[in-house]
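Colleague: Thanks for sitting down with me over this one. Could we go through it together, question by question?

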Amino acid sequence: MNAKLTLNLNKAVIDNAKDYAKEQHTSLSKLIENYLGSLTKKDSTKAKISPLVERLTGIIPGEQKTEDYKSDYHEYLTKKYS
């Protein structure tokens, strides 16, 4: 069931929104309805993780401290060019 809603917005915002809606081949009402629907959606917006990704979680080490990274890289270059 549709219902009317009155909003007070800046005219420039309304004009830009109307232009955007026209470019998207939709109505301003539909854009606002979709936006408000996405804001108030009750479902979890968290992305589902595949079983493969879950199994791989933790295999790749996290970020190293900058000092460790620099010293490791220095050691690598020293061995490579020695």
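Colleague: Lys-30 and Glu-33 both lie in one helix, so to speak; which helix is it, and which residues does the helix span?

Modeller: Happy to start there, with the reminder that this is a predicted model. The two residues are 3 apart, about one turn of the helix. Their side chains meet in a salt bridge, at 3.8 Å from N to O. The helix that holds both Lys-30 and Glu-33 is α2, residues 28-39.

Colleague: Are Lys-30 and Glu-33 buried, partly exposed or exposed?

Modeller: Partly exposed covers the range between the 20% and 50% cut-offs. Lys-30 has a relative accessibility of 37%, so Lys-30 falls in that range. Glu-33, at 46%, also counts as partly exposed.

Colleague: How many salt bridges does a search of the whole structure find?

Modeller: Besides the pair in α2, Lys-11 forms a salt bridge with Asp-15, with the closest N and O atoms 3.2 Å apart. Those two residues lie in helix α1 (residues 11-23), 4 residues apart. For the whole structure, the search gives 2 salt bridges.

Colleague: Lys-11 and Asp-15 form a bridge; what is the relative accessibility of each?

Modeller: The cut-off for exposed is over 50%. Lys-11 is exposed because its relative accessible area passes that mark, at 58%. Asp-15 counts as partly exposed, with a relative accessibility of 31%.

Colleague: How far apart in space are Tyr-20 and Leu-31, C-alpha to C-alpha?

Modeller: Tyr-20 lies in helix α1, and its relative accessible area of 43% makes it partly exposed. Along the sequence, Tyr-20 and Leu-31 are 11 residues apart. In space, their C-alpha atoms are separated by 9.4 Å.

Colleague: Which residue has a positive phi although it is not glycine?

Modeller: Most residues other than glycine have a negative phi, so a positive value deserves a look. The residue here sits in the loop between α1 and α2, and its phi is near 55°. It counts as exposed, at 75% relative accessibility. The residue is His-25.

Colleague: Which residues make the nonpolar surface patch, and what is its area?

Modeller: Leu-5, one of the patch residues, lies in the segment before α1. Leu-5 is exposed, with a relative accessible area of 60%. Together, Leu-5, Leu-7, Leu-9, Tyr-35, Leu-36 and Leu-39 make a patch of about 630 Å².

Colleague: Which element gives the largest share of the lining of the largest pocket?

Modeller: The largest pocket has a volume of about 410 Å³. Its lining includes Leu-5, Leu-7, Leu-9, Ile-14, Leu-28, Glu-33 and Leu-36. By class, the lining has 8 nonpolar, 2 polar and 2 charged residues. The largest share, 5 residues, comes from α2.

Colleague: How many helices and strands does the chain have?

Modeller: From the N terminus on, the elements run α-α-α-α. The totals for the chain are 4 helices and 0 strands.

Colleague: And to finish, what percentage of the residues count as buried?

Modeller: The chain exposes about 8,600 Å², and carbon and sulfur atoms supply 56% of that area. Buried requires a relative accessible area under 20%. Of the 82 residues of the chain, the share that counts as buried is 1%.

Technical notes:
Residues are numbered from 1 along each chain as its sequence is written. This is a predicted model: local features need pLDDT of at least 70, side-chain atom pairs count only at pLDDT 80 or more; totals for chains, interfaces and linings use all residues. Side-chain values use heavy atoms; hydrogens and water are left out. A salt bridge is a side-chain nitrogen of Lys or Arg within 4 Å of a carboxyl oxygen of Asp or Glu. Buried means under 20% relative accessible area, exposed over 50%, partly exposed in between (1.4 Å probe, protein chains only). Patches are made of residues with over 30% relative accessible area and no salt bridge: like charges are joined within 9 Å, nonpolar side chains (Val, Leu, Ile, Met, Phe, Trp, Tyr) within 5 Å. Accessible areas come from the Shrake-Rupley method with a 1.4 Å probe; for residues, only the protein chains shown count as cover. On a 1 Å grid over the protein atoms alone, a cavity is a set of points where a 1.4 Å probe fits but cannot get out, and a pocket is an open set with protein on both sides within 12 Å along at least five of seven lines; lining residues have an atom within 4 Å of a point. Grid points are joined across faces, edges and corners, and a volume is the space filled by probe spheres set on the points. Ala, Val, Leu, Ile, Met, Phe, Trp, Tyr, Cys and Pro count as nonpolar, Asp, Glu, Lys and Arg as charged, and the others, Gly among them, as polar.
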